[in-house]
Structure formats: structure tokens, C-alpha cells
Amino acid sequence: MDPSRQKHFSVVDYVIFAVLLAASAGIGLYYALSGGRQRTTQEFLLADRSMRCLPVSLSLIASFQSAVAIIGVPAEIYTHGTQYWFMGCAYVLGLLIPAHVFIPVLYRLRLSSAYQYLELRFSKAVRVCGTLTFIFQMVVYMGVCVYTPAFALNAVTGFELWGTVLVTGLVCTLYTTVGGLKAVIWTDVFQTAVMFAGQLAVIVVGVQRAGGVSEVWRKVLEGNRISGLDLNPDPTERHTFWTLGVGGVFLMLSLYGVNQAQVQRYLSSRTERDAVRSCYMVFPSLQLALALSCIMGLVMFAQYCGEDHADKLKSSSRDAMVIYFVMDMLQGLPGLPGLFVACLFSAALSTISSAFNSLATVTMEDLIKPQFPSMSEARATLVSKALASSYGLLCLAMAYLTHLMGDSVLQVALKIFGMVGGPILGVFCLGMFFPCANSTGAVTGLGAGLLMAFWVGIGSIVTRSSKTELLAPSCHFVLESENTTSALQTTFRNITRPSGLRRFYSLSYMWYSGFSCFTVILTGLIISFLTGPMKEEDVTPGTIYPLGEKLLCFLPECVQKKLCCVTQPLSEEERLPPQHKDCNGLSCGHPPSSQEETEGLSSQPCCHNVEQETAV
């Protein structure tokens, strides 16, 4: 029986799915009624800075491993082979650099919003520009995250698509609004376990029905789906080792280095050491998640040999093939379809709730509090909850626009992060690594980076044309030799290679982050030198990472000073930013800390005269 004609959710499936939603809402209610009951912005937005590394690390992966990845990566592997798997190489530097560069700088400044750093380093105008850019990025991305699992549930149950979108958005809004960041992090922990369980169930059943591991391996080899190391340096090639392994580093930095959704988790940690450890612990989890998604795509190919059944689900997207595969493999197995749909919704809920909370934080801390400095703590907390609810409703509207996009959900999501996240990364790099950069250069650089990123991104959409697939949809596609394969692929590329401006528009979407980041840095430095470089004594201590000192340590100190490489260290008195130095009941909301919390940079409130230590 064609699985696309059979809506096969059993009672058990409905129960599993309902338990997921009920458990997520229950965690939110628990934290709304326990502890400080989310009565302060510190508790609601930063979990009282009391989280340990394990839940933070699981929350970090859940925030990134959305339904977009669970659906999009298997579809990518099914269509184009395992080249995307090299993205795992980018995880190394993409997590090491945030752990040793961005986390120490941001954590020691005791911020609530990552974009407070931009005001400390540059000016209020740069902070507002960075905040507005992040809000735009996350609002658009939320639409993709909500729509993806809703489409899956519609396919396997027949539920109305937009009714499903509404349920997802409302449940997520509920526990985010009432439970704050603690609820978000602990629901992420629960939802991460559900994600892995759902993917494993599909893979195990799929391998069994495809004839076993050896049969799956034989078919993917014969179907030419195991990709070799492609060292082609051409940046217009969609996926090569360089686009994934190097371009992907900039994408990871924009996500795990300066994205508020992730930075907020670092800032909620008890100590700096916990924050760094949580970043390290993300690495094996991300590699496991990537491996499961890629294996799922290979099992799909072993089952269907590259055939396209997406039209049977009334969709032209390759992403629909993943849903068809799940329906086909799990039909007749009560509970497993519900587990996989719960897996998708877990991924979506974790990502969306992170977005709601981070958006509420930056809006409150960067846009509202500076305008109303005398706002009471109770009112500030109420406004924060109202903001989280408002962004929840806004994402429902964005979900409607998502289904109008033609690209795969994976490519759409990564384009969004590249086009908007890259310029934000560029501003932070300009501030941390170049003491001479000034506010005018930062604002101009951010504008130039966004302009170039959208120019390339929109140009690629306008000039997009359908391309013939390089990989044949057959499990018996074996050419006589590798040389023949290389020759055919080279011929194909030479024939279809665009020229002129169209070639510029064909830049791989994996380079968007790096391209826009370097545009911001280069433009910012040029404008800074033209308008007068920032003097060393005018730079706020603690906002510069001594990159020049580390890279040029072999030069005399006098030469380093001329190159603006020597910076002032952060003194004990200047460890906190100005808004944390007085205890007026508004900005000093840190809870008293126990003695053991003084490990690393302690969580002591600014009004307590306790010696602070710095983690090694």
C-alpha cells in the first residue's frame, strides 16, 4: 500500500505526541511555580546564572539541531551524496574559538545581552543596529522552524497544516513565557533525548527493511552516494571540503560565538569554567546528530535508489521524501510514527523557545531598559514575558511565508544564518580583535556587510535555474573507472559554469557568513582609519581579545604598540560593566552565591564585596 495514501497514526502515536507537548508545558509550569517563580529579569532571562554545564550543553545542541536539520540533512544526503558530512570538520574550530575567545570576553563582562558588548566597545548606535539585525534574523528563521514539523504532522495524520502550526506556537509560547530560561533549558534536555530516540528508531527499522547493513552499504556504493574529498577551490561549487570545512567555520562562529540564543546559555552558567565546558561538551553531541542524519539519508537511498516520491505528498520539495520514507518504514509499527513526529516537534520546540527567550532578552535589555531606566523590576519582568508571548505569535505569521520558498529547508536556514549572522559576527570580530576600530567604522561595516550579503543572496534567488543532478537515481550506477567519472563531472561543470555577475551570484551559500564577515571587517577598518582610529585609552578595558599580542608575540613591545596590538587588561574594579557597578535594585539582580561558585569567574552580585577569581 502506498504510505502517502494512508494516515496511520494509532492511539499510541497520539499518546506519545501528546505526552511530548504535555511534558514540555509541565516543565514550564514547574519553573513558574518553583524557586523565585520568575519574578526577576535575572531569573526569567538568565536562570539566575545558576546552570551547570551538562544541561547548558544539551540546550546548546537542541537550539541548533532543529527540525530543519532532522529533515534537511537526510534529504541533502539522499540527493547529493555524503559531501555534506564534511561539515563536521567545521565543528572543531567552530567550537574551540568560541570557548577560548568569545566566552571569556563576554562572560567576564557580566552581560545580559550579547549586544551590550557593542555599546561597551563602540557606542549605543552600534548596539541598537546589532540588536535589530539579530531580531530580523531570528524572526525569519522561526518561520522555517515552525513550518517544517507542521508539514510532517500534516503528512502522517491529515491534521490541518495551519492548525498544527498554531498548536506548536502556542505550546512553545506558554512554557517559554511562564517558565523563563530555566524551563527552556530543561525542556531542551528532555527534547534532545526524544530527538535522538526518534532518529535511531527510523534508522534501525530502515536498515532492517533494506536488507541489513551490508545491503545498505552495497547500494550506496553502487549509487555513487559516498563522496570523496573534493578539494576544488572554486567558491561557486555548492559543497566541497573548503566550502563546508572552512566556510562552515564562519557559520558555526556566527551561531556559537555571537548569537544571543547561544550566548545567553553561556551567561546563565554558574562559572566561566562551566560555560567553557558546556561548549566542549557540544562537540560530540553535534557529531552524533550529524552522523544520525547522514546515515538516515543513506538508508533512504538504499530503500528507494534515488527515486523521487515527494509528489505523492503533494510537494515538489526533496524534504518531503524524508516524510515519505518515515511513513513507509514505520507504518504498521504503533508508537514509532508518533515517536518520530515527537522527535521533529522536540527539535522545533527547543529552537523556537530559545529564539523567543533570546528575542525577549535583547528587546528588553537593548531597546526598552535604556529608554526607561527607572522601570521597576516587577514591571520589567512582566514586560519581558509579554515580549516572549508577542514573538511567539509573530513566528506563526512567518511560518506562513516559509512554504512559499523554493529551496530545501536546510539551505533556506543556512542562507538566513549566513546573510544575517555573518555581518553580526564581523562586528564582534572588528571590536574584539582590532582596538583601532571606531564606532563609525562598525556601523558602516555592518551596513556594508548586510548590503553585500543580501545582494548576493537575492541575486542567487533571482538568477536561480534548475540544474541537472550530477548523481543518477539508480542503485546500479557504476561507471567503468573513477577517471571517467571525473572527466564527465569536469565536462558538466565547464558547460554549465556561469560567467560575469551570474557567477558572483552563484557563490556557495556556505561562504555567505565568511564573505559578509570579511566585508564588515575590511570596510570597518578602512572607515576607522579615515575618520580617526580609536585611541588605546578610549577603549573600554576587557572588551578586546589580545589577538595581536598572541600572534605577534615575537615582535618588540614598542612595535606592537605602533600596530595597536597592545591592549589594557581588565582590572578587578573594572571587571563589571557600568550598569552592574551600583546596586539600585534595577541593574544589580544577581543572587547571592555560595562559596563554591567562586570557581572561575564567580556569580557574586555586584553589591557583595567578595573576591573574584578568574578560571584558568
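Helices are DSSP runs of at least four residues, and strands are runs of at least two, both numbered from the N terminus. Counted in this way, the protein chain of this predicted model has 23 helices and 0 strands. Of its 616 residues, 61% count as buried, and among the contacts that join residues at least 6 apart in sequence, 84% are between residues at least 24 apart. The structure holds 0 disulfides.

Before turning to single places, it helps to look at the confidence of the prediction. The chain averages a pLDDT of 74, and 69% of the residues score at least 70. Among the elements of the chain, the highest mean pLDDT, 92, belongs to helix H21, while the lowest, 42, belongs to helix H19, which spans residues 482-496. Over residues 465-470 the pLDDT is below 50, and this stretch has 5 contacts in the model beyond near neighbours in sequence. The pLDDT also stays under 50 over residues 571-616, for which the model nevertheless has 98 contacts beyond four places in sequence. Where pLDDT is low, the predicted coordinates should not be read in detail.

Helix H21, residues 512-531, can be followed to its meeting with helix H18, residues 439-462, where the two axes come within 7 Å and cross at roughly 145 degrees. The crossing in which H18 passes H21 is right-handed. On the side of H18 the contact includes Gly 441, Gly 445, Gly 449 and Gly 457, together with residues such as Met 452 and Val 456, and on the side of H21 it includes Tyr 512, Phe 515, Thr 519, Gly 524 and Ile 527. Sorted by class, this contact has 9 nonpolar and 13 polar residues, and no charged ones.

Just ahead of H18 in the sequence, Ala 437 has its place in the loop between helix H17 (409-433) and H18. Ala 437 counts as buried because its relative accessibility is 0%, under the cut-off of 20%. Leaving out residues up to four places away in sequence, Ala 437 touches Arg 121, Phe 122, Leu 430, Ser 528 and Met 534. One of these, Arg 121, is 316 residues away from Ala 437 in sequence, yet their C-alpha atoms are 9.4 Å apart in space.

Ser 254, in helix H11 (residues 247-256), also has contacts elsewhere in the sequence. Apart from neighbours within four places, Ser 254 is in contact with Asn 259, Phe 417, Gly 421, Gly 422, Leu 425 and Ser 513, and with a relative accessibility of 4% it counts as buried.

Two residues with charged side chains by class are buried as well. Lys 182 lies in helix H8, residues 161-210, and its relative accessibility of 15% is under 20%, so Lys 182 counts as buried. The C-alpha atoms of Lys 182 and Met 51 are separated by 8.1 Å, although these residues are 131 apart along the chain. Arg 110, in the loop between helix H5 (87-108) and helix H6 (116-121), is buried with a relative accessible area of 1%. Most residues other than glycine have a negative phi. Arg 110, which is not a glycine, has a positive phi of about 55 degrees.

Two cysteines, finally, can be set side by side. Cys 279 is buried, with a relative accessible area of 1%, whereas Cys 129, at 28%, is partly exposed because that value falls between 20% and 50%.

How values were computed
Residues numbered from 1 in each chain as written. Predicted model: local features only at pLDDT ≥ 70, side-chain atom pairs only at ≥ 80, totals over all residues. Heavy atoms only, no water. Axes fitted to C-alpha atoms, helices over the stretch in contact; angles between N-to-C directions. Left-handed = near helix turned anticlockwise from the far one by under 90°. Contact = heavy atoms within 4.5 Å. pLDDT = per-residue confidence, 0-100. Disulfide = S-S within 2.5 Å. Buried < 20%, exposed > 50% of the residue type's maximum accessible area, 1.4 Å probe, protein only.
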